[in-house]
Each structure stands twice: as C-alpha cells, then as structure tokens.
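Here's a friendly walk through a protein model you may not have met before. Have a look at the sequence and the fold, then read on.

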Amino acid sequence: MCKVVEEKGSGGGGGEEKERRRRRWWVIGMGVKVVVCDNEKEKPKGNVGFSNGGMSSSSSRTKMKTWMVRATTSILLWTCLVQLTTLSEVWGPRVLKGWPSCFTQETALDLKLASSVPARVLPPKRVYKNNGYLMVSCNGGLNQMRSAICDMVAIARYLNVTLIVPELDKTSFWADPRHVIVIISCMLEFQDIFDVDHFISSLRDEVRILKELPPRLKKRVEAGKVYTMAPVSWSDISYYHNQILPLIQKYKVLHLNRTDARLANNGQPLEIQRLRCRVNFSGLRFTPQIEELGRRVVKLLRQNGHFLVLHLRYEMDMLAFSGCTQGCNSEEVEDLTRMRYAYPWWKEKIINSDLKRKDGLCPLTPEETTLALRALDIDPSYQIYIAAGEIYGGERRMAGLAEAYPKLVRKETLLNPADLRFFQNHSSQMAALDYLVSLESDIFVPTYDGNMAKVVEGHRSAEVDICTLIEWRSRGSNLYLGYKMTVLLDRRLLVDLIDKYTSGSLSWDEFSDAVKQTHAHRIGKSTKRLVIPDRPKEEDYFYSNPQECFLPEEPLNSM
C-alpha cells in the first residue's frame with residue numbers, strides 16, 4: 001500500500017531520513033509528488049543504518065526515478081513542439097499575409113475549404129528523346145499572346161522538343177502635346193504576367209519547358225548564331241512536322257519570331273486541341289499579385305450585388321487600327337489617322353469608316369452601347385464594370401452611359417492608387433486584371449470581337465461550378481450546360497437598327513423588340529464551330545468555342 005509522504009518536523013531517522021529528504025526536494029523541484037510505500041517507511045529501526053547493499057539499492061532506485069522523470073519531461077516537450085509546428089503551418093502564412101486576427105465565419109469557411117483540398121501533387125515528368133529547342137517571341141496584345149503560348153506548347157509537345165519559356169511582346173503608344181505618336185516596343189518577361197513555375201510544373205507530363213537554354217546553346221544564341229523565322233499563319237500541325245522539325249534537328253535551336261494565329265482552328269488531332277485547352281484553362285495562371293488583386297476587385301463588386309463587365313473596346317489604338325471614327329471630331333480623326341500611318345505593321349491605311357461600320361466591322365461607340373444595353377433591358381441597378389483602357393474622348397463620350405447606368409465603375413475607382421502602382425504603364429498587366437474580373441462577371445458583353453472577347457467567351461464556357469459539374473456527370477450532358485451568360489452583340493444588325501431608331505423610323509418599343517429578337521440566341525450557348533475551308537480568318541476562332549475540349553479524353557500521340 002502506497003501513500004503520499006507529508007513533510008514533518010525534524011525527528012529521528014538518521015541517514016535514511018536525510019536521503020529521503022534529498023530525493024523528495026529534488027523531485028518536488030521537478031513538479032512531482034513523492035510516493036513511498038508503507039513497508040519501506042515501517043522498516044525495523046535496526047535497519048536504519050545503511051549497509052553497503054542498502055546504499056546500492058537506494059542509489060539504483062534514485063537513478064531509475066531520475067531517468068523516468070527526464071523521459072516523461074522529454075516526451076511532454078516534444079509533444080508541445082509538434083503541436084506548435086502544426087499551428088504555425090496553419091496560421092503562419094495567414095499572419096505573414098496580413099490576415100485579420102479575429103476569427104470570423106468567412107475565415108472559418110476558408111480554413112474548412114483549405115483543409116478539404118488535398119495537397120497539389122505534381123504530374124510525373126514525361127520522358128522522351130529531345131529533338132531540339134524551340135524559342136518563341138510572342139507578338140500582339142495579352143490575349144493574342146495567351147492563345148499563341150497555348151499553340152506553341154501543343155506544337156512543342158507534338159514535335160518532342162524542349163520549349164524555352166516564351167518572350168512576351170509589349171508595344172505601347174503615346175502621344176505628346178504636339179500630336180507626335182511614339183511607338184515603344186520591348187520584350188516583357190513571362191513572369192511579369194504569368195506564374196512561370198506553375199506553367200513549367202503543371203505541364204511537365206506533356207512537354208519539357210526550361211526558363212533558358214543550356215549554357216553552351218545560350219552563348220551561341222547571344223552571339224547571334226540562331227536560325228529565326230516566322231511560321232506560316234493558320235498552318236496544320238503536319239506543317240510543323242514536315243517543315244519546322246527538320247530545321248530544329250539541323251540547328252538544334254530554332255527561334256519563331258511571330259506566333260499570332262500560326263496553328264489552324266480546325267482539322268487538328270483531338271489530343272492537340274485538348275492540350276491547347278489545358279494550357280489555356282490550367283497551365284497559364286497569372287502571377288499571385290495579379291490573381292490576388294483580381295479577387296479583391298470581384299469581392300468589392302459582389303458586395304454591392306450583380307455586375308456586368310462591359311469590354312468597351314473604344315480605345316485609341318483600336319480606333320486607329322480599324323479606321324472607325326464614328327462620333328469623333330475632326331481633330332480626333334486626324335490623330336487616329338496619324339497613328340495608323342505611324343505603325344508600319346498596319347497595312348491598311350485608307351479606310352472608309354462609314355462603310356466599315358455598316359458592315360459590322362467597327363467597335364460599338366459608347367453611345368451605341370448604351371442604346372443596346374437599354375434595349376436588352378439590362379437592369380439600371382446593375383454595376384457596369386468597364387474592362388478597357390482609356391476610352392477615347394473621355395467623359396464626353398461616356399456621359400450617356402453614365403447617365404443610364406449610374407453604377408459605372410472601373411478598377412481605378414474601386415482600388416486605391418497604391419494598389420495599382422505596380423500596374424501603371426503596363427497595359428498587359430492591367431488587361432490581365434480585367435480578364436480575371438470578366439471571367440467572374442454575371443454577364444459579359446464585348447463591343448468588338450477582338451482577342452480578349454473571344455478568349456474570355458471560351459474560358460467562361462469552361463467555368464463550371466461544382467454543382468453543375470456533378471449534375472453534368474450524372475446526366476452525361478454537355479459541359480456547356482454550365483456556361484456563364486456572354487452576350488455577343490450583332491454589330492451589323494445593331495447599327496442598322498440604331499440608325500433607324502435615331503432617324504425616327506422605329507419607335508423605342510419597336511427598336512427594343514428587334515434588338516431582343518436579334519440576340520435571343522446570341523448569349524454564349526454551345527454551338528458547333530463554324531468552319532470555312534481556305535478562309536480561316538472568317539471562320540469561328542478555336543479559343544472562342546473550344547468544343548473538342550469537353551469530349552472524352554484520349555492519349556496524345558507524338559509524331
């Protein structure tokens with residue numbers, strides 16, 4: 001029978017009492033009560049004196065107790081350390097990112113979702129015999145370059161070559177007070193726009209991508225010893241196998257200096273089409289800074305209800321390129337003409353603006369856009385987010401739209417100037433921000449079928465919430481059931497109706513009914529892509545309607 005030893009006043013006991021006190025105080029110092037047995041306490045007094053054997057037994061028990069206390073303490077310390085490490089992994093990144101210290105329902109939901117998402121596992125690297133290295137310099141705007149990158153990845157995969165991270169083109173225009181147009185051209189770094197590490201790792205099971213050439217080949221390129229060419233536009237994949245691959249094998253490195261529309265929309269192997277989609281929807285992700293700012297803009301918009309993104313392509317470079325001057329004064333027409341002649345790559349110089357507008361080849365003006373939105377009964381309480389650069393003509397041209405839709409916003413009005421300081425004078429990064437907001441909008445309305453309008457249209461078709469995806473899988477239905485509304489304005493018919501309304505030939509009700517009827521089937525639903533043999537510029541763009549991407553998967557075959 002054991003019991004706790006209580007402290008008592010001094011008394012007999014000799015060496016045994018001293019030894020007991022010494023052990024008790026040492027153990028109490030460790031925060032443990034001393035427990036001894038009655039048979040030890042009630043030993044005959046004749047055994048109070050210590051013999052050699054008694055001292056040895058007592059010393060062994062003391063060492064054993066000391067060892068047990070130390071082992072228990074070590075286990076407790078290690079347990080605390082493991083718990084602290086686990087907590088730091090959960091909360092540490094949030095603290096570093098400046099998350100609020102209060103625990104709200106929103107942060108609770110974030111943690112729940114974060115814990116339910118498995119850790120990302122990189123796909124295994126694809127092993128293949130490398131036929132050489134492909135360098136590409138993309139040209140055009142952000143979304144034209146985006147499509148080109150998708151094409152180049154698919155081509156590199158098919159040819160079994162190593163792709164070097166593409167260079168991005170940035171051409172900007174600037175007019176000084178003397179109306180002198182200055183064209184500034186330079187190469188953007190890929191990592192200024194896209195998450196380069198994600199791009200490389202997420203596609204490594206398809207193609208090998210390097211940030212730069214191996215040192216020996218890099219020196220050759222820097223010395224100017226590289227074969228450079230522009231591939232033929234709208235080419236079939238067989239062209240790259242028969243014409244481009246032999247050049248890569250001969251020179252080891254090939255540089256393609258033009259990438260816009262270099263792969264045909266149609267007639268390509270299914271695995272090629274699917275890989276183009278995979279790069280676009282998954283492999284190309286904007287930098288964390290751009291992604292975070294995009295989420296912030298969407299959150300601010302969502303707090304105030306529904307929002308429509310209006311891709312109002314009424315900017316100076318677009319008007320100069322197209323030659324469309326509807327609503328511009330004589331001075332503005334001169335400025336636009338001067339820019340068109342200053343840009344040598346724009347081959348069309350003499351343009352009949354009125355004729356081009358009637359053919360539906362001009363971007364809608366802010367005034368025409370206002371009439372179209374009103375005729376479609378877009379709720380005036382909707383927020384209208386302008387996804388564009390500086391509107392040509394400024395507030396004068398935007399007055400009618402602002403009056404009809406008072407909740408007119410831009411990224412510059414939603415965010416503080418400090419939030420955009422890294423994006424100023426970088427049109428591609430600003431366009432990337434608009435791209436993210438456009439994807440998340442309730443309604444997307446482009447006023448011109450440029451590259452952004454087309455790519456966003458196709459990307460929105462692929463953005464499906466999990467509930468719709470489950471329903472699609474259970475029914476075996478087409479993935480396009482999850483489309484988000486994209487209103488594709490028929491500019492040719494629309495400008496004709498607008499002219500009739502403004503001339504008094506149509507009443508407002510007649511005009512509105514005609515607009516609604518015209519666009520009843522132009523809201524981004526799945527349709528079969530229009531194919532026009534030998535006229536690729538006139539057929540439907542692959543990235544606006546990538547219908548092959550939602551068919552059952554098949555393995556990709558190399559050449």
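## The five-stranded sheet

Let's start with an open sheet of five strands, which runs in the order β12-β11-β10-β13-β14 with parallel pairing. At its edges stand β12 and β14 (485–486); each has a single partner strand, so one side of each is left without a neighbour in the sheet. Keep in mind as you look around that this is a predicted model.

Strands of a sheet pair through backbone hydrogen bonds, and they can do so in a parallel or an antiparallel way. Here, β10 (residues 307–311) runs parallel to β11, and four bridges join the two. If you'd like a spot to zoom in on, find Val309, which sits opposite Tyr385 in β11. Strand β10 also runs parallel to β13 (residues 443–446), again with four bridges, and there Leu310 faces Val445.

## A closer look at β11

Which way do the side chains of β11 point? Gln383 and Tyr385 go one way from the strand (residues 383–386), Ile384 and Ile386 go the other way, and all of them are buried. That fits a general pattern: in a regular strand, side chains alternate between the two faces of the sheet.

Next door is the short run of β12 (residues 408–409), which pairs with β11 in the parallel sense over two bridges. Ile384 has Leu408 of β12 as its bridge partner. To get from one strand to the other, follow the chain through helix α15 (residues 395–404): β11, α15 and β12 together make a right-handed β-α-β unit.

## The whole protein

Now zoom out. The protein has 21 helices and 14 strands, and 42% of its 559 residues count as buried. Its accessible surface comes to about 30,900 Å², with 55% of that belonging to carbon and sulfur atoms.

How do contacts reach along the sequence? Take those between residues at least 6 apart: 75% of them join residues at least 24 apart.

## A greasy patch and a buried lysine

Over on helix α3 (residues 52–96) you'll find Met64. Together with Trp67 and Met68, Met64 makes a nonpolar surface patch of about 370 Å². Met64 has a relative accessible area of 47%; that is over the 30% needed to join a patch, but under the 50% mark for exposed, so Met64 counts as partly exposed.

Is Lys356, in helix α13 (residues 353–358), buried or exposed? Lys356 is buried, because its relative accessible area is 15% and the cut-off is 20%. Leaving out neighbours within four places in sequence, Lys356 is in contact with Ser322, Cys324, Glu348, Ile351, Leu361 and Cys362.

## Two positive phi angles

Two residues are worth a click for their backbone angles. Lys252 isn't a glycine, yet it has a positive phi of about 70°. You'll find Lys252 in the loop between α8 (237–251) and β9 (253–256), where it counts as partly exposed at 45% relative accessibility.

Asp534 is a residue other than glycine as well, and its phi is positive, near 70°. Asp534 lies in the segment after α21 (508–518). With a relative accessible area of 80%, Asp534 is exposed.

Terms used:
Residues numbered from 1 in each chain as written. Heavy atoms only, no water. Buried < 20%, exposed > 50% of the residue type's maximum accessible area, 1.4 Å probe, protein only. Pairing = 2+ DSSP bridges. Right-handed = clockwise from strand over helix to strand, strands pointing away. Patch = residues over 30% accessible without salt bridge, like charges linked within 9 Å, V, L, I, M, F, W, Y side chains within 5 Å. Areas by Shrake-Rupley, 256 points an atom, 1.4 Å probe, with all protein chains shown as cover. Salt bridge = Lys/Arg side-chain N within 4 Å of Asp/Glu carboxyl O. Contact = heavy atoms within 4.5 Å.
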